[in-house]
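This report goes through one structure by topic. Please keep the sequence and the model at hand while reading.

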Amino acid sequence: MAVLRVNGLTKYFGINSVFENVSFELKSGEHIGLVGANGAGKTTLMRILCTLLKPTSGSVTWNGKDIFAMDGEY
């Protein structure tokens, strides 16, 4: 079963925090929705999950491997 783990994810742009210490786990077949006000960090989170942005701190793993180290395998 494939597992996506987000652990302690934090993203800053300069001194401005977009989100801090976000953690969750998704397994194959699970679905989620992202809900929040404008500027809450939904798009930034998705860009990190797509490896278009790197987080300030924290980790994102796919089956135990860092998504940013996986390159095209992810």
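Is lysine 65 buried, partly exposed or exposed? Lysine 65 is partly exposed, its relative accessible area being 42%. That value, like the others below, comes from a predicted model.

## Sheet and helix

The sheet is open and has four strands, arranged in the order S2-S1-S3-S4 with antiparallel pairing. The edges are taken by S2 and by strand S4 (65–66); each has a single partner strand, so one side of each lacks a neighbour in the sheet. S1 and S3 run antiparallel and are joined by five bridges. One residue pair across these strands is threonine 10 with serine 57, the latter being the bridge partner in S3.

Helix H1, covering residues 42–49, lies across S1, S2 and S3. Its direction makes an angle of about 125 degrees with S1.

## Two buried threonines

Threonine 10 belongs to strand S1. Its relative accessible area is 9%, which is under the 20% cut-off, so threonine 10 is buried. Leaving aside residues up to four places away in sequence, threonine 10 touches Phe19, Glu20, Asn21, Pro55, Thr56 and Ser57. Ser57 thus appears in the contact list of threonine 10, and serine 57 is also its bridge partner in S3.

Threonine 61 is in strand S3, which spans residues 57–62. At 18% relative accessibility, threonine 61 also falls under 20% and therefore counts as buried. With residues up to four places away in sequence again left out, the contacts of threonine 61 are Val3, Leu4, Arg5, Asp66 and Ile67.

## Salt bridges

How many salt bridges does the count give? The count comes to three salt bridges. In one of them, arginine 5 is paired with glutamate 25, and the closest N and O atoms are 2.6 Å apart. This pair links distant parts of the chain, since arginine 5 is in strand S1 (residues 3–13) and glutamate 25 is in strand S2, 20 residues apart. Glutamate 25 also meets lysine 27 in a salt bridge, at 3.6 Å from N to O. Both distances satisfy the criterion, because a salt bridge requires the nitrogen to be within 4 Å of a carboxyl oxygen.

Lysine 65 forms a salt bridge with glutamate 73, with 3.1 Å between the closest N and O atoms. Shared partners join Arg5, Glu25 and Lys27 into one network of salt bridges. Within that network, arginine 5 is partly exposed at 39% relative accessible area. Glutamate 25 is partly exposed at 35%, and lysine 27 is partly exposed at 35%. In the bridge between lysine 65 and glutamate 73, lysine 65 is partly exposed at 42%, whereas glutamate 73 is exposed at 54%.

## Aromatic pair

The count of aromatic pairs comes to one. Tryptophan 62 and tyrosine 74 form this pair, with 6.2 Å from centre to centre and 70 degrees between the planes. The pair is edge-to-face because its planes are over 60 degrees apart.

Distant parts of the chain are linked here: tryptophan 62 lies in strand S3 and tyrosine 74 in the segment after H2, 12 residues apart. Tryptophan 62 is partly exposed at 30% relative accessibility, and tyrosine 74 is partly exposed at 32%.

## Positive phi angles

Where is asparagine 21 placed? Asparagine 21 is in strand S2, residues 16–27. Its phi is near 55 degrees, a positive value in a residue other than glycine. Asparagine 21 has a relative accessible area of 59%, over the 50% cut-off, so asparagine 21 is exposed. Asn21 is also one of the residues touched by threonine 10, which is itself buried.

Aspartate 71 lies in the segment after helix H2 (67–70). Phi of aspartate 71 is near 60 degrees, again positive in a residue other than glycine. Aspartate 71 is exposed, at 70% relative accessible area.

Terms used. Residues are numbered from 1 along each chain as its sequence is written. This is a predicted model: local features need pLDDT of at least 70, side-chain atom pairs count only at pLDDT 80 or more; totals for chains, interfaces and linings use all residues. Side-chain values use heavy atoms; hydrogens and water are left out. Buried means under 20% relative accessible area, exposed over 50%, partly exposed in between (1.4 Å probe, protein chains only). A salt bridge is a side-chain nitrogen of Lys or Arg within 4 Å of a carboxyl oxygen of Asp or Glu. Contact means heavy atoms within 4.5 Å. Two strands pair if DSSP finds at least two bridges between them. Axes are lines fitted to C-alpha atoms, for helices over the stretch in contact, and angles run from 0 to 180 degrees between N-to-C directions. Rings of Phe, Tyr and Trp (its six-membered ring) pair if their centres lie within 6.5 Å; planes under 30 degrees apart count as stacked, over 60 as edge-to-face and the rest as tilted.
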